[in-house]
Amino acid sequence: MAGSALVEAVFSLPENDRRGGVALAREFARRAAQRCGYRGHHEDVVLVVNELTTNAVCHGSGRPVVHISGGEEQVLVEVVDDAAAPRAPGWGLQLVAVLGESWGVLERAGQNVVWCELTA
């Protein structure tokens, strides 16, 4: 990310309204992409966050947390939940694969992390 400042932002979906929290996560993604100065399509970042948070709400457990970091040339989105095992790719994750430069699922400290890197 040469030539641009790294920005990091974190958003936790509300405990009592996880589905409504997906809409809040989309707005968070819009603001984070702007704050990063990301030169790519901000709506792609929003759509990736929508798909990953919806996946966590529908198939995960615990309180999903969205991490966004990036700069002018790239943005990394991570959605973390307490699911015991990764989920099989569905339509939403196929869309994430098309929009992102790369994506994946990993386990970190006993939590499920689904991530996607977008580039301008």
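**Figure 1. Thr53 is a buried residue of helix 2.** In this predicted model, Thr53 has a relative accessibility of 0%, so Thr53 counts as buried, the cut-off being under 20%. Thr53 has its place in helix 2, the helix that spans residues 42–59. Leaving aside residues up to four places away in sequence, Thr53 touches Leu13, Val22, Ala25, Val66 and Val79.

**Figure 2. The side chain of Thr53 meets two backbone oxygens.** Which backbone oxygen lies 2.7 Å from a polar atom of the Thr53 side chain? That oxygen belongs to Val49. The Thr53 side chain also reaches the backbone oxygen of Asn50, here at 3.3 Å.

**Figure 3. Five strands make an open, antiparallel sheet.** Follow the strands across the sheet and you will read the order 1-2-3-5-4, with antiparallel pairing. Strand 1 (7–12) and strand 4 (102–108) each have a single partner strand and stand at the edges, so one side of each is left without a neighbour in the sheet. On average, neighbouring strands are turned by 15° against each other, direction ignored.

**Figure 4. Strand 2 and strand 3 run antiparallel.** How many bridges join strand 2 to strand 3? There are six, linking residues 65–70 of strand 2 with residues 74–81 of strand 3. To find your way in this view, look for Ser69, whose bridge partner in strand 3 is Leu76.

**Figure 5. Two helices pack on the sheet.** Helix 1 (residues 18–36) packs on the sheet and touches strand 1 and strand 2; the direction of helix 1 makes about 170° with that of strand 1. Helix 2 (residues 42–59) packs on the sheet as well, touching strand 2, strand 3 and strand 5 (111–119). The direction of helix 2 makes about 15° with that of strand 3.

**Figure 6. The protein chain follows the pattern β-α-α-β-β-α-β-β.** The protein chain holds three helices and five strands. Its C-alpha atoms fill a box of roughly 40 × 25 × 25 Å along the principal axes. The radius of gyration is 13 Å, which agrees with the value near 14 Å for a compact globule of 120 residues. Buried residues account for 43% of the 120. Of the contacts between residues at least 6 apart in sequence, 63% join residues at least 24 apart. The accessible surface comes to about 6100 Å², and 51% of that surface belongs to carbon and sulfur atoms.

Conventions. Residues numbered from 1 in each chain as written. Predicted model: local features only at pLDDT ≥ 70, side-chain atom pairs only at ≥ 80, totals over all residues. Heavy atoms only, no water. Pairing = 2+ DSSP bridges. Helix = DSSP H or I, 4+ residues; strand = E, 2+ residues; numbered from the N terminus. Axes fitted to C-alpha atoms, helices over the stretch in contact; angles between N-to-C directions. Contact = heavy atoms within 4.5 Å. Rg over C-alpha atoms; globule rule 2.2 N^0.38 Å. Buried < 20%, exposed > 50% of the residue type's maximum accessible area, 1.4 Å probe, protein only. Areas by Shrake-Rupley, 256 points an atom, 1.4 Å probe, with all protein chains shown as cover. Polar contact = N/O pair within 3.5 Å; in protein donor to acceptor, adjacent residues only side chain to side chain.
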